[in-house]
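Please walk me through the fold of this protein. I would like the sheets, the helices packed on them and the ligand site, with the criteria behind each term.

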Amino acid sequence: MNQPVLATHNLSVGYHQRRGQSRSVLQNLSLTLANGEFVCLLGANGAGKSTLIRTLTHMQAPISGSITINQQPLQQLSQAQLAKQLSVVLTDRLQVSNLSGYELVSLGRMPYTNMFGSLNQHDHQVIRWALHATNSDDLAQRLLNEMSDGERQRIMIARALAQEPAVMILDEPTAFLDLPRRVEITSLLRKLAHETGLAAIMSTHDLDLAIGSADRLWLVLDDGSVECGTPEDLILDGRLAQTFRKSQLHFDQQRGGFRSHSKPIGKVQLSASGLDGQWMQHALERYGYQVIASGQADCPHIQQLEHNRWQIEHQPCATIGQVLAYLGHA
Ligand SMILES: Nc1ncnc2c1ncn2[C@@H]1O[C@H](COP(=O)(O)OP(=O)(O)OP(=O)(O)O)[C@@H](O)[C@H]1O
């Protein structure tokens, strides 16, 4: 892995309480983030993701330990120095204002401008680059209060990019977006990391997107630790399943998603392959059947005849819906 641009050293994060006591939420974290790396931060509700993000972005002091960016301790950086190294995109629904896209992105240049905020030629170049890199050229002259949530999120990422930071940290940037926009923003962050060398961390509840796009995951476990690795390694060694072990869900290692723990309502034998077989199995499991290979037990047998044509106990069915109806799920 490249040299880490951001690192935590025995970091504990949490809250200072009355009478000098403190409550740590996550303990002894030694995390690293490299240039050009896109990391997704995952964990159950209340696990500590936002607390970690607030601490990494210097909005809240650590309980103990330290954070370095390019080997410099975070607390030794001035606000202006920090803003050149680290940019933040927060989760809140964006404040609607009558700034244009261009004006908003130009705010990202503040750490570099003089006390009057005058933009020079280079600043304008960087603003145009940030707009282009986030596919937001068409948003430059549009007013923020006339943009959709997805467009506003893209322009906020452009603003963060215009800071020319080494690290970008995003707290649930896709929370209010529909699926296509969530995929778009996640792919954009991955592309920016890989093409510009930006190190990016995004917290999310979107497991599928995180598994499908992150170079590595940081998994917040319920014992206050954070596990790191590629999504595939964390699935294979069971650590992803452990993240949500307190919920009534179990992680399906084969298909990479969580399923509810309910007991199977019965067994069915399935003789089918390819996409048809996969979706028939999906439908049967959705109703709580345990699907087994044919010839193994005395239970209903579903056979694929041709593309989405089935037979169950000698009864031909033209769709998966008809098979389910035969089983009593009309
Ligand atoms: N200001 C605060 N003072 C004290 N405790 C807090 C504060 N904010 C959050 N907590 C507690 O810290 C723990 C972690 O909360 P945090 O918001 O970091 O979780 P999260 O993983 O971001 O959750 P979610 O996915 O629901 O946003 C929780 O037990 C929460 O109740």
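In which sense do strand 14 and strand 15 pair, and over how many bridges? Strand 14 (residues 266-271) pairs with strand 15 in the parallel sense, over 5 bridges. This is a predicted model, in which local features need pLDDT of at least 70 and side-chain atom pairs count only at pLDDT 80 or more, while totals for chains, interfaces and linings use all residues. Residues are numbered from 1 along each chain as its sequence is written. Helices (H or I, at least four residues) and strands (E, at least two) are DSSP runs, numbered from the N terminus. Two strands pair if DSSP finds at least two bridges between them.

Strands 14 and 15 belong to an open sheet of 5 strands with the order 15-14-16-17-18 and mixed pairing. Its edge strands are strand 15 (289-293) and strand 18 (315-317), each of which pairs on one side only. Neighbouring strands of this sheet are turned by 30° against each other on average, direction ignored. For such values, axes are lines fitted to C-alpha atoms, for helices over the stretch in contact, and angles run from 0 to 180 degrees between N-to-C directions. Within the pairing of strands 14 and 15, Leu270 has Ala293 in strand 15 as its bridge partner. Helix 10 (residues 274-286) packs on this sheet and touches strand 14, strand 15 and strand 16 (301-306). The direction of helix 10 makes about 145° with that of strand 15. Contact here requires that the C-beta atoms of two residues, placed from the backbone, lie within 7 Å.

A second sheet is also open, with 6 strands in the order 7-8-9-4-10-11 and mixed pairing. Strand 7 (86-89) and strand 11 (226-229) are its edge strands, each pairing on one side only. Here the average turn between neighbouring strands is 15°, direction ignored. Strand 7 and strand 8 (residues 167-171) run parallel and are joined by 4 bridges; Val89 stands opposite Leu170 in strand 8. Helix 1 lies across strand 4 (38-43), strand 8, strand 9 (199-203) and strand 10 (216-220), and runs at about 150° to strand 8. Helix 5 also packs on the sheet, where it touches strand 7 and strand 8, and its direction makes about 165° with that of strand 7.

Helix 5 has helix neighbours as well. Helix 4 (residues 121-133) and helix 5 (residues 149-162) pack at an angle of about 140°, with their axes 8 Å apart. The two helices are therefore oblique to each other: angles under 35 degrees count as roughly parallel, over 145 as roughly antiparallel, 65 to 115 as roughly perpendicular and the rest as oblique. Their crossing is right-handed; a crossing has that hand if the near helix is turned clockwise from the far one by less than a right angle, and is left-handed if anticlockwise. Val126, Ile127, Ala130, Leu131 and Ala133 of helix 4 make the contact with Ala158, Leu161 and Ala162 of helix 5. By class, this contact has 8 nonpolar, no polar and no charged residues. Ala, Val, Leu, Ile, Met, Phe, Trp, Tyr, Cys and Pro count as nonpolar, Asp, Glu, Lys and Arg as charged, and the others, Gly among them, as polar.

With helix 6 (residues 179-196), helix 5 packs at about 15°, the axes being 10 Å apart. That angle makes helix 5 roughly parallel to helix 6. This crossing is right-handed. From helix 5, Gly150, Gln153, Arg154, Ile157 and Leu161 meet Arg181, Glu184, Ile185, Leu188 and Leu192 of helix 6. By class, the contact has 5 nonpolar, 2 polar and 3 charged residues.

Strand 1 (residues 4-16) pairs in the antiparallel sense with strand 3 (residues 32-34) over 3 bridges and with strand 5 (residues 64-69) over 5 bridges. Strand 1 also runs antiparallel to strand 2 (residues 22-29), to which 5 bridges join it. Strands 1 and 2 form a hairpin with 5 residues between them, and Arg19 in the turn has a positive phi of about 55°.

The ligand is surrounded by Tyr15, Val25, Gly43, Asn45, Gly46, Ala47, Gly48, Lys49, Ser50 and Thr51; a residue is near a molecule if its C-beta atom, placed from the backbone, lies within 6 Å of it. Helix 1 (residues 49-56) gives the largest share of this shell, 3 residues. By class, the shell has 3 nonpolar, 6 polar and 1 charged residues.
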